[in-house]
Amino acid sequence: MSQTTDAFALFRPGRKGMGIWRVAATFALVLLLVLLGLPLLSLLLQVAPRDLWTHLRAPVVMSALRLSLITSVISAGAVIVLGLPVALLLAARRFPGRRVLEVVINLPMVLPPTVAGLGLLLAFGRSGLLGHALSLAGISIPFTTLAVVLAQTFVAAPFFINTARAGFESIEPRYLQAAATLRASPVYAFFHVILPLSLHSLVAGAAMSWARALGEFGATITFAGNMPGRTQTMPLAVYIALQTDVQSAVALSVILLAVSFGLLFVLRTFVVNPGK
Amino acid sequence: MIHRLPSVVFRVEFDFFSNPLNSPMKITGVKRAASLGFLVFLIVTFFWVRAARQFKPIHQRNASSLCVFAAASLNEAFTQLAEVFEKQNPGLHVELNYAGSQQLALQIEQGARVDVFASADERWMEKIGKHGLLASSAQVFAHNILVVIIPRANPGRIEKLQDLSQPGIKMVLAAESVPAGRYSREVLERLSHSTGFGPDYLLSVLKNLVSSEENVKEVLGKVQLGEADAGMVYYSDITPANAGWLRVLEIPEEANVLASYPIAPLKSASNPQAARKFMDLVFSPLGQSILHDHHFTLVPQPSRSTP
């Protein structure tokens with residue numbers, strides 16, 4: 001840990017030439033805080049706590065919140081299970097088509113979510129490429145909770161894969177060499193060397209992809225539709241509420257904000273950076 | 001404990017600026033990096049501010065443009081009307097914004113600067129009127145009826161309106177807050193009172209509902225893609241572009257609703273004269289014939305509605 005501190009000592013005040021840096025950093029920080037913090041603060045100031053409680057108890061809100069939490073946790077789980085091997089592959093191996101694979105994996109981060117939803121519909125929809133075969137087998141994905149999970153997994157995957165990969169790549173090769181010299185099997189090396197050394201990145205990546213899944217809107221409404229209790233997650237409920245009643249939309253937003261903040265805070269404090 | 005060595009990474013980053021073999025140089029390197037970073041920051045900010053100044057709010061734009069907010073269902077008809085208008089008034093440019101009427105009303109309430117608002121039902125126009133945002137009273141310029149659409153392949157094997165209540169049908173309607181959604185539910189309600197339909201028709205159709213879409217064009221899309229077995233849209237939503245993908249089931253006149261489309265100029269109009277001219281075109285024989293071509297039902301003579 002002391003090495004980390006030493007590295008950033010270069011940026012400590014008192015060092016020569018730090019004045020201009022400090023001005024720039026402060027300026028940027030203030031601008032960023034205004035941009036990020038002000039909208040959140042405005043949402044918070046709009047609602048009285050009592051209204052929040054009333055809205056929270058509304059059945060539509062409860063079911064949307066429950067659906068959001070369940071689907072985003074399942075999606076994050078799916079992202080971890082499917083993303084871990086891919087991240088390891090990308091970090092460890094050089095193979096033809098690696099760049100293409102990288103781009104494909106990162107594409108969901110750039111695509112407008114609605115396009116992602118349309119793509120999912122054209123692939124897994126009833127008349128879609130794969131969906132047609134599925135529908136012959138009696139399986140129909142659009143308009144189901146499974147569609148919500150698929151949409152969330154699609155958009156959230158890159159966040160985990162990229163972070164996990166960076167974590168794997170930052171492992172000192174000599175630890176793995178040592179493991180190899182001691183005749184550790186790849187599986188043993190993975191669980192006893194790679195996993196503990198990159199755990200911090202893996203958890204950070206999982207938290208990020210979970211957060212992305214929780215906020216997913218565009219792909220969900222396009223691919224899964226909007227049905228309370230089945231496919232209406234919190235972001236959709238907020239959007240639909242916004243069309244009739246701004247106040248309740250604000251209240252729903254604040255609830256979503258509070259839940260996300262709480263969960264991310266807990267993750268950051270106890271798992272990602274324990275003891276900091 | 002995790003032993004990561006960020007200092008190594010850090011030094012590598014600044015290798016561009018310093019000689020790694022000569023450690024006193026490092027501070028100069030950081031200094032140079034910092035000032036370079038600050039310079040980039042200044043340049044970016046400069047261009048950002050310059051670019052931001054070009055995005056003037058709508059009301060500050062020149063008087064040669066007319067901003068029209070129109071219900072999603074008016075899309076094709078108003079696009080054509082705007083073309084005619086631009087041809088008749090050279091130099092005037094029409095900016096069209098289509099969305100669900102409820103969303104447009106919300107945007108107008110929240111201060112969007114708009115010249116003309118055309119809504120798919122009178123409720124949202126009344127709401128704008130109550131806020132005192134209308135320059136003059138709204139007038140109904142067209143009517144619309146609802147139809148049931150099914151994908152050409154007819155995956156739900158729907159032949160008549162009664163089939164919509166068959167269990168397992170995937171039905172898509174506009175959400176209740178959307179005018180089309182409210183009308184759809186009204187039609188279903190009326191059908192349940194008609195002969196040949198059970199009294200529980202409404203409930204069993206709503207049980208088949210798989211999605212409440214946020215505007216009527218989304219309903220069209222889901223049916224056109226074949227994902228839903230049936231949906232309810234305006235007759236005017238059937239266009240040459242999508243007719244080939246759809247089958248249309250008509251709804252008997254006595255159960256159908258006659259959706260009214262009011263139009264009004266807004267107080268925030270930056271171009272009241274052009275707004276007036278545009279409305280005149282909508283009510284003119286030419287404008288009405290364009291609306292008729294797009295399956296709207298016409299109004300005998302302009303009727304007054306919302307104050």
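Visitor: How many aromatic pairs does the structure hold over all chains?
Guide: Bear in mind that this is a predicted model. Counting over all chains, the aromatic pairs come to 11.

Visitor: Take A:Phe190 and A:Phe191: is that pair stacked, tilted or edge-to-face?
Guide: The two ring centres lie 5.2 Å apart, and the planes meet at 85°. Planes over 60 degrees apart fall in the last of your three classes. So the pair of A:Phe190 and A:Phe191 is edge-to-face.

Visitor: And is A:Phe190 buried or exposed?
Guide: Its partner A:Phe191 has 48% relative accessibility and so counts as partly exposed. For A:Phe190 the value is 14%, and the cut-off for the lowest class is under 20%. That makes A:Phe190 buried.

Visitor: Which residues form one aromatic cluster in chain B?
Guide: Tyrosines and phenylalanines make it up. The members are B:Phe78, B:Phe85, B:Phe141, B:Tyr183, B:Tyr234, B:Tyr261, B:Phe278 and B:Phe296.

Visitor: What charged end sits over the ring of B:Tyr183?
Guide: B:Tyr183 belongs to that aromatic cluster. Over in chain A, A:Arg174 lies over the face of A:Tyr175, at 5.5 Å from the ring centre. For B:Tyr183, the charge is 5.5 Å from the ring's centre and comes from B:Arg182.

Visitor: At what angle do helix α8 and helix α10 of chain A pack?
Guide: Two packed helices are described by the angle between their axes and the distance between the axes. Here α8 (residues 145-169) and α10 (residues 186-214) of chain A have axes 8 Å apart, and the crossing is right-handed. The contact includes A:Phe159 and A:Phe160 of α8(A), with A:Phe190 and A:Leu202 among those from α10(A). The packing angle is about 150°.

Visitor: Which residue of chain A does B:Gln102 touch?
Guide: B:Gln102 is in helix α4 (residues 101-109) of chain B, and it counts as buried because its relative accessibility is 1%. Leaving out residues up to four places away in sequence, its contacts include B:Trp124, B:Ser177, B:Val178, B:Pro179 and B:Glu214. From chain A, the list has A:Gln243.

Visitor: What share of the residues of chain B count as buried?
Guide: Chain B has 11 helices and 11 strands. Among its contacts with a separation of 6 or more, 77% join residues 24 or more positions apart. Of its 307 residues, the buried share is 50%.

Visitor: How much of the accessible surface of chain B belongs to carbon and sulfur atoms?
Guide: The accessible surface of chain B comes to about 14,900 Å². The part belonging to carbon and sulfur atoms is 57%.

How values were computed. Residues numbered from 1 in each chain as written. Chains lettered and ligands numbered in written order. Predicted model: local features only at pLDDT ≥ 70, side-chain atom pairs only at ≥ 80, totals over all residues. Heavy atoms only, no water. Helix = DSSP H or I, 4+ residues; strand = E, 2+ residues; numbered from the N terminus. Buried < 20%, exposed > 50% of the residue type's maximum accessible area, 1.4 Å probe, protein only. Contact = heavy atoms within 4.5 Å. Areas by Shrake-Rupley, 256 points an atom, 1.4 Å probe, with all protein chains shown as cover. Phe/Tyr/Trp six-rings, centres within 6.5 Å; stacked < 30°, edge-to-face > 60°. Lys NZ or Arg CZ within 6 Å of the ring centre and 35° of its normal. Axes fitted to C-alpha atoms, helices over the stretch in contact; angles between N-to-C directions. Left-handed = near helix turned anticlockwise from the far one by under 90°.
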